[in-house]
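Biologist: Please take a close look at the site around the ligand, and describe what surrounds it and how the pocket there is built.

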Amino acid sequence: MIFTVTLNPAADYTLTIPNFRTGEVNRAQEVRFDPGGKGINVSKALQTLGMSNVAMGLLGGSAGDAIESALKEMGIETDFLRIAGATRTNTKVIDPESGETTDLNTPGPEVTAEELDAFKKKLKSVVHGGDTVIFSGSLPAGVPEDIYRELIHMCRSKAAKTILDTSGAALKAALDAKPYFIKPNTDELRTVVEHDPEVAQEVVRAARVLSLETGAYVLASMGGEGAVLIKGRQALYAKAPEIVVHSTVGAGDAMVAALAAAETSGMEEADLLRFAVAAGSAAAAMPGSSCGDIGDVLNLAERVICAPVLG
Ligand SMILES: Nc1ncnc2c1ncn2[C@@H]1O[C@H](COP(=O)(O)OP(=O)(O)OP(=O)(O)O)[C@@H](O)[C@H]1O
Ligand SMILES: [Mg+2]
């Protein structure tokens, strides 16, 4: 089974309000709700690719209820720990007249040590050898920076594969645990290895250092430039296909979902890289955080050229 772990989910509302004014009553022309947070986005992308998976993590309050029922409606299995604090609500107000976007975000919960402990136990009880566990996104208040290290250690002890996609201190602290796969973008890669993000060869060098240090496969994504896949000294580069970009929001999450899907179906490295790049690009070609289905991704993957990087 594939599990996604979202410790800091968000209930995302998008309101379309022409001529939005502060200090006045505004009426929305359109309201959209999306269960959000990076691991949850990976779950949705996996579902769109036709891969069943279980969304796990922490949920609280009415925002938590809304997320859980929306995921269930999409046919995604859920196994969240309920916490006392309220899950974040992020509201985006889009004004089509001015072209402006206003963000209204709630602070999110403070997680207690007991709640975190209960989540660790829950994850330990559901993960088995051969499973893939994806850890994605930021951490809520109260959760120590090295939480992913501890959870990855536990998964490894059960012979489950782990995929890590986070940033900053949480990424740095997790590397010791030797995740199976790491998916940094160029900014995240720079948190752990200095490099010039503008120079592709430098990204390859930094990803190689990270892979040699951790023993992990590193899939370093470079937005519209594509991605490199590194294991030890071996490196493959795939250029992203030319597409009409609609929204790059969630492109990285679609890529992580494709990576997990390719890994579980035993794809060889070059095919896995082409498939993952195609999934990212398919998502970038679609509006909002939507992503491509298996047909879209396989079609696009045929246009992705992949070659070994020498040196
Ligand atoms: N402008 C683009 N054109 C074509 N493909 C793109 C574009 N932007 C992203 N992609 C595809 O999506 C993949 C992941 O994108 P990116 O490197 O931006 O991830 P990320 O920064 O982790 O994104 P996220 O914000 O979702 O976390 C890229 O490797 C590429 O395949
Ligand atoms: Mg990302």
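Modeller: A polar backbone atom of Ala251 lies 3.4 Å from an oxygen atom of ligand 1; this is a predicted model, and the distances below come from it. Val277 also takes part through its backbone, where an N or O atom is 3.0 Å from an oxygen atom of ligand 1. Ser221 uses its side chain instead: an N or O atom there is 2.7 Å from a ligand oxygen. Taken alone, ligand 1 would expose 630 Å², and the protein buries 84% of that area.

The shell around ligand 1 has 22 residues, and those that come nearest are Lys183, Asn185, Ser221, Gly223 and Gly252. By type, the shell divides into nine nonpolar, 10 polar and three charged residues.

As for the space itself, ligand 1 occupies the second largest pocket. Two elements give two or more residues each to the shell around the ligand, namely helix H8 (251–264) and helix H9 (269–284). The pocket holds about 490 Å³ of space. Its lining consists of 26 residues, and Met222, Gly223, Gly224, Ala251 and Gly280 lie nearest the centre. Gly223 is thus named both among the residues that come nearest to ligand 1 and among those nearest the pocket centre. Ala251, which has the backbone contact at 3.4 Å, is also one of the residues nearest that centre. H8 and H9 each supply at least two residues of the lining, as does helix H6 (186–192). The lining divides into nine nonpolar, 10 polar and seven charged residues.

For context, the largest pocket has a volume of about 760 Å³. It is lined by 36 residues, with Asp12, Asn41, Lys92, Val249 and Ser289 closest to its centre. The elements that contribute two or more residues to this lining are strand E2 (10–16), strand E3 (30–36), helix H1 (38–48), strand E6 (88–94) and strand E7 (101–105). E6 provides the largest share, five residues. Here the division is six nonpolar, 19 polar and 11 charged residues.

To return to the ligand, its listed polar contacts involve the side chain of Ser221, the backbone of Ala251 and the backbone of Val277.

Methods
Residues numbered from 1 in each chain as written. Chains lettered and ligands numbered in written order. Predicted model: local features only at pLDDT ≥ 70, side-chain atom pairs only at ≥ 80, totals over all residues. Heavy atoms only, no water. Near = heavy atom within 4 Å. Polar contact = N/O pair within 3.5 Å; in protein donor to acceptor, adjacent residues only side chain to side chain. Areas by Shrake-Rupley, 256 points an atom, 1.4 Å probe, with all protein chains shown as cover. 1 Å grid on protein atoms, 1.4 Å probe; cavity = no way out; pocket = protein on both sides within 12 Å on 5 of 7 lines; lining within 4 Å. Sits in = over half its atoms within 2 Å of the grid points. Helix = DSSP H or I, 4+ residues; strand = E, 2+ residues; numbered from the N terminus. Nonpolar A, V, L, I, M, F, W, Y, C, P; charged D, E, K, R; others polar. Points joined across faces, edges and corners; volume = space filled by probe spheres on them.
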